[in-house]
Amino acid sequence: MGFASSFWATSFLLVLVASVARGDPLVPALIIFGDSVVDVGNNNNLTTLIKANFPPYGRDFVTHRPSGRFCNGKLATDFTAEYLGFTSYPPAYLSPEARGSNMLTGVNFASAASGLFDGTAQLYSAISLTRQLSYYREYQMKVVNMAGRARANDIFSGAIHLLSAGSSDFIQNYYINLVLRGLYSVDRFSDLLMSSYSTFIQNLYGLGARRIGVTTLPPTGCLPAAITLFGAGSNQCVERLNQDAILFNNKLNSTSQGLVNKLPGLKLVVFDIYHPLLDMIRKPSDNGFFESRRACCGTGTLETSLLCNAASVGTCSNATAYVFWDGFHPSEAANQVLAGDLLEQGFDLIS
């Protein structure tokens, strides 16, 4: 980054800080779609095994109780809400908290084990992305009834809409699904996901959304459970999976640029979480961590959801030293680092 761009970025950040200091959120609402990385409890209300509403999940959250977040504490999107100036987090749409005026500042539709491919969600009885969009339409009607059409339109167009999806499509579906792998190469499966992604963004745009952020895939081959499941006994990142993630991310960037060129007034930012997370994994001590191969929960090599429970033997006492909380999900400390990166990358969505 050159001096001029660095100067303006710093100046803009100071403006943002001043705005938040006055008590004004930088955008009218924060609306979230996706998977377990951003689910705050929608799966609590589903008949599915993919849940996190029991200890030790949530032990370091502000309430010190499990909320349905797949983390010991806050998600990256929780930190993002704080950085944007909100005094509460977007509630899970299916929860009792998603009622009345608190919905005016946003809600969360994400569902653990959901993906860009609706078949992934169906495997685990999660809320598909298509269904999440239907809930969003329902939500819009509620906001119009509360705030009136003009104000509602301002909320929808000014809100930041965030999407986190794709990891489950590979880890929890494609890599373990002989039928899918027989039908599609990784390249063709990624194209299928891009088609779903493009349709979702265009539908969201058609409903008035103009500020959208989407996260890349993480280095999936470095997730503790992925190393255990697909590493053939190795203790190292599975490079084949990482290369698949890079291929997907390249397609995500090019598809997103095509959407920006096609849809007037659309601000669409692709948030790179691959490289920041890979940096934490490869150089944990440089980022304030002690452990990046094993997760905090249980043995740290596999446990996630029901396998990460109060009876799990070996769960760490201090998760701040760990990059990962469970076999698939970052710790609160890692989420805070990722949220800082998201803020730096997301200036276009709040300018």
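**Reading the cavities and the core strand**

Reader: Which residues line the second largest cavity?

Author: Ser36, Val37, Phe70, Cys71, Leu75, His329, Pro330 and Asn335 line the second largest cavity. A cavity is a set of points, on a 1 Å grid over the protein atoms alone, where a 1.4 Å probe fits but cannot get out, and lining residues have an atom within 4 Å of a point. This is a predicted model, where local features need pLDDT of at least 70 and side-chain atom pairs pLDDT 80 or more, while totals for chains, interfaces and linings use all residues. Residues are numbered from 1 along each chain as its sequence is written, and side-chain values use heavy atoms, leaving out hydrogens and water.

Reader: How many cavities are there, and what volume has the largest?

Author: Rolling a probe the size of a water molecule over the atoms shows where empty space is left. Here there are 2 cavities of 30 Å³ or more. The largest has about 150 Å³, and the second largest holds about 40 Å³. Such a volume is the space filled by probe spheres set on the points, with grid points joined across faces, edges and corners.

Reader: What lines the largest cavity?

Author: Its lining includes Leu30, Tyr83, Ile160, Phe271 and Leu342. Two or more lining residues come from each of α2 (76-83), β2 (160-164), α12 (332-345) and α13 (347-350). These elements are DSSP runs numbered from the N terminus: helices are H or I with at least four residues, strands E with at least two.

Reader: How do the two linings divide by class?

Author: The largest cavity has 10 nonpolar, 2 polar and no charged lining residues; the second largest has 5 nonpolar, 3 polar and no charged. Ala, Val, Leu, Ile, Met, Phe, Trp, Tyr, Cys and Pro count as nonpolar, Asp, Glu, Lys and Arg as charged, and the others, Gly among them, as polar.

Reader: Is strand β3 covered or uncovered?

Author: Strand β3 (residues 211-215) is mostly covered, with 5 of its 5 residues buried, that is, under 20% relative accessible area (1.4 Å probe, protein chains only). Arg211, Gly213 and Thr215 point one way, Ile212 and Val214 the other.

Reader: Which strands pair with β3?

Author: Strands pair if DSSP finds at least two bridges between them. β2 and β3 pair in the parallel sense over 4 bridges, with Ile160 opposite Arg211 in β3. Ile160 also lines the largest cavity. On to β4 (residues 267-271): 5 bridges join this parallel strand to β3, and Val269 in β4 is the bridge partner of Gly213.

Technical notes
1 Å grid on protein atoms, 1.4 Å probe; cavity = no way out; pocket = protein on both sides within 12 Å on 5 of 7 lines; lining within 4 Å. Buried < 20%, exposed > 50% of the residue type's maximum accessible area, 1.4 Å probe, protein only.
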